[in-house]
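The following exercises are meant to be worked through with the sequence and the model at hand. Each task is followed by a solution in steps.

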Amino acid sequence: MKNEDANAASFFVAKFQNKRKKNAHHFYMKKLFKKYGFWIVGILTGIANGLFGSGGGILAVPLLKYLGLDQKKAQATSISITAVLSVASLAVYLSRGSVSLVSTLKYIPFGLLGALVGSQILKKIKPDALKVMFAIVLIITGLRLVFR
């Protein structure tokens, strides 16, 4: 019986020590991310933006939330980040002749209207509802990419 008690005790001690190591690692990573998070957000958002054509916001929003911004601020800040990155990506795409300017000019007025409507809706929607909507858009987009 004493052997079983010793095994159980050593099992719980090992579990506790393992949890402490995980917590210490998580704390260290969070501290590192808080210190250099803007680099990480910038680099990852820039890479995604260049690869996917303004897809950096998909990464920026959760990363900005991890850095402590609330849902609405993360989404609004993501727009300001990706706007600048989109200009840089556009310059590269234009230099390669990859942009259809005729198509672009047709979409811009309606895109501007949609942006104004969306920014007004953002003011009125609750953060939890916004988070769910953002998740649904990501899931639907991902499924369409896989199955289309």
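**Exercise 1.** Determine how the axes of helix α2 and helix α5 are placed in this predicted model, and state which residues form the contact.

*Solution.* Step 1: locate helix α2 at residues 56-66 and helix α5 at residues 127-147. Step 2: examine the two axes, which come within 12 Å and cross at roughly 145°. Step 3: assign the hand of the crossing of α2 and α5, which is left-handed. Step 4: list the residues in contact. Helix α2 contributes Gly57, Ile58, Val61, Pro62 and Lys65, while α5 contributes Lys131, Phe134 and Leu138. Step 5: sort these residues by class. The contact of α2 with α5 has 5 nonpolar, 1 polar and 2 charged residues.

**Exercise 2.** Compare the expected span of helix α4 with the distance between its end C-alpha atoms, and find where α4 has a kink.

*Solution.* Step 1: count the residues of helix α4, which occupies residues 101-124 and has 24 residues. Step 2: apply 1.5 Å a residue; the expected span is 1.5 Å times one less than the number of residues, so helix α4 should span 34 Å. Step 3: compare this value with the end C-alpha atoms, which are 35 Å apart and therefore agree with the expected span. Step 4: look along α4 for a bend. A kink of about 35° lies at Ile108, shortly before the proline Pro109.

**Exercise 3.** Decide whether Thr82 and Ser89 are buried or exposed, and name their contacts beyond four places in sequence.

*Solution.* Step 1: place both residues. Thr82 is found in helix α3, and Ser89 also belongs to helix α3, which covers residues 71-95. Step 2: apply the cut-off for buried residues, under 20% relative accessible area. Thr82 has a relative accessible area of 9% and is therefore buried. Ser89, with 13%, is buried as well. Step 3: list the contacts, leaving aside residues up to four places away in sequence. Thr82 touches Thr45, Asn49, Gly56 and Gly57. Ser89 is in contact with Asn49 and Gly50. Asn49 thus appears in both lists.

**Exercise 4.** Describe the chain as a whole: its elements, its buried share and the reach of its contacts.

*Solution.* Step 1: count the elements; the chain has 5 helices and 0 strands. Step 2: write their order from the N terminus, which is α-α-α-α-α. Step 3: note the buried share, which is 15% of the 148 residues. Step 4: take the contacts between residues at least 6 apart in sequence; 59% of them join residues at least 24 apart.

Conventions: Residues numbered from 1 in each chain as written. Predicted model: local features only at pLDDT ≥ 70, side-chain atom pairs only at ≥ 80, totals over all residues. Heavy atoms only, no water. Axes fitted to C-alpha atoms, helices over the stretch in contact; angles between N-to-C directions. Helix = DSSP H or I, 4+ residues; strand = E, 2+ residues; numbered from the N terminus. Left-handed = near helix turned anticlockwise from the far one by under 90°. Contact = heavy atoms within 4.5 Å. Nonpolar A, V, L, I, M, F, W, Y, C, P; charged D, E, K, R; others polar. Bend = angle between axes of the 7 residues up to and from the residue. Buried < 20%, exposed > 50% of the residue type's maximum accessible area, 1.4 Å probe, protein only.
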